[in-house]
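Reader: I am new to this structure and would like to learn how to read its features. Where do we begin?

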Amino acid sequence: MGIEQIKKIGVVGSGLMGAQIAEVASRVGEYPVTMWDMSDELLQKGHEAIRNTHKRFFIEKGKLTAQQSEEIIARIKGTTDMAEVAASDFIIEAIVERMPIKQKVFKQLDELAPAHTCLSTNTSYLNVSDIASATQRPDRVVGTHFFNPPAMMKLLEVIRGTLTSEATAQLAVELGIKLGKEPVLCKDVSYGFIANRTFRAMRNEAVRLVWERVATPRDIDKAMKLGFNHPMGPLELSDMTGGWGIAVSSEEDAIRELGPVEGRVPQLIKVMVRAGYPGGRGKKGMYAFYDEVFSKW
Ligand code: NAI
């Protein structure tokens, strides 16, 4: 299926992420969107959240008129009937981050949706292949990880499960572009995908520095902001996003999935430097090594 065959978009879940993902899809202007949740009350809250998002991010800043906002909202039909949301060409799931619940919903969607329909998950950390295994169409299951708030954040991680077809991954990338996002492709199952996995390493080092009394949280964040031009330091960002509560359980999962990494120099760095790609002072580094050597292995 090509992007032009996507005529209707379904969103499962009208919570923090689901409602805004539905909004992003509707804002394109050419997709009727069906948004599912467990009750009319939840759906109403979802619609209300979209209204507030519009007001805060767009109407008050003159980027949308009240009339346009209402049109976008009107294109999003709420339903508590799973069959109704399943009658879409591309369905994005954004329900609670619990594997058994996601699997149950994917099984239902698989039974109800037309054969060509692609099912995607907005999971932050769960394994896309495990979610896909609840369906008979693992080749048409893919991760589409939006960042919060989806109405504003440009990044979309598209995640391939082990059996996700190239065509499905490409379709998700193209749809992401259509929705105004900048997709990056996570080519294999990876705990934390790209951004959260990379961030985790940085955040953990920052936490160790505090614990070892090497530096204060404020100085660590200042170093990252002034030294690397990060708009926020890893510690204030985690404070702001409430990342610490999740960090405890997700660290245990990460160690189980990725293994302990302390005490090892990443193999890639050693190989790259020995091959004459040390980076710095105009010398070739990671980008060149990847393009010229690693991508050809
Ligand atoms: P939320 O708590 O705001 O919404 C959860 C949704 O799941 C609600 O629509 C709720 O009705 C539904 N739900 C709850 N129990 C259910 C059940 N038993 N069966 C079916 N639906 C059920 O959660 P949020 O933050 O919107 O997260 C949704 C997904 O998006 C999760 O997978 C999360 O990891 C992911 N995500 C969250 C981000 C965030 O910053 N909050 C960022 C990126 C991804």
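Author: We begin with a definition: a salt bridge is a side-chain nitrogen of Lys or Arg within 4 Å of a carboxyl oxygen of Asp or Glu. In this predicted model, the side chains of Glu166 and Arg160 form such a pair, at 2.6 Å from N to O. Glu166 is partly exposed, with a relative accessibility of 44%.

Reader: Which residues are joined into one network by salt bridges that share partners?

Author: Glu48, Arg51 and Glu70 are linked in that way.

Reader: How many salt bridges does the structure hold?

Author: There are 16. One of them pairs Lys178 with Glu30, whose closest N and O atoms are 2.8 Å apart. Lys178 belongs to helix 7 (residues 166–178) and Glu30 to the loop between helix 1 and strand 2 (33–36), so this pair ties together parts that are 148 residues apart in sequence. Lys178 is partly exposed at 35% relative accessible area, and Glu30 is partly exposed at 47%.

Reader: What separates Glu111 and Lys107 in helix 5?

Author: About one helical turn, because they are four residues apart in that helix. Their side chains meet in a salt bridge of 3.0 Å, N to O. Buried means under 20% relative accessible area, exposed over 50%, and partly exposed in between. Glu111, at 56%, therefore counts as exposed, while Lys107, at 45%, counts as partly exposed.

Reader: Now the ligand. Which residues come nearest to it?

Author: Of the 21 residues around the ligand, Met17, Asp37, Glu97, Lys102 and Ser124 come nearest. By type, the shell divides into ten nonpolar, eight polar and three charged residues.

Reader: Where do N or O atoms of the protein approach oxygen atoms of the ligand?

Author: A polar contact is a pair of N or O atoms within 3.5 Å. In the side chain of Lys102, an N or O atom is 2.7 Å from a ligand oxygen. Backbone N or O atoms also take part: one of Leu16 lies 2.8 Å from an oxygen atom of the ligand, and one of Val96 lies 3.1 Å from such an atom. Taken alone, the ligand exposes 830 Å², of which the protein buries 73%. Helix 1 (16–27), helix 5 (99–112) and strand 6 (141–146) are the elements that give two or more residues to the shell.

Reader: Last, which residues make the nonpolar surface patch?

Author: Leu268, Met286, Tyr287, Tyr290, Phe294 and Trp297 make a patch of about 710 Å². Helix 13 (residues 286–292) gives the most, with three residues. Leu268 sits in helix 12 (residues 267–274) and is partly exposed at 32% relative accessible area.

Notes: Residues numbered from 1 in each chain as written. Predicted model: local features only at pLDDT ≥ 70, side-chain atom pairs only at ≥ 80, totals over all residues. Heavy atoms only, no water. Patch = residues over 30% accessible without salt bridge, like charges linked within 9 Å, V, L, I, M, F, W, Y side chains within 5 Å. Areas by Shrake-Rupley, 256 points an atom, 1.4 Å probe, with all protein chains shown as cover. Buried < 20%, exposed > 50% of the residue type's maximum accessible area, 1.4 Å probe, protein only. Near = heavy atom within 4 Å. Polar contact = N/O pair within 3.5 Å; in protein donor to acceptor, adjacent residues only side chain to side chain. Nonpolar A, V, L, I, M, F, W, Y, C, P; charged D, E, K, R; others polar.
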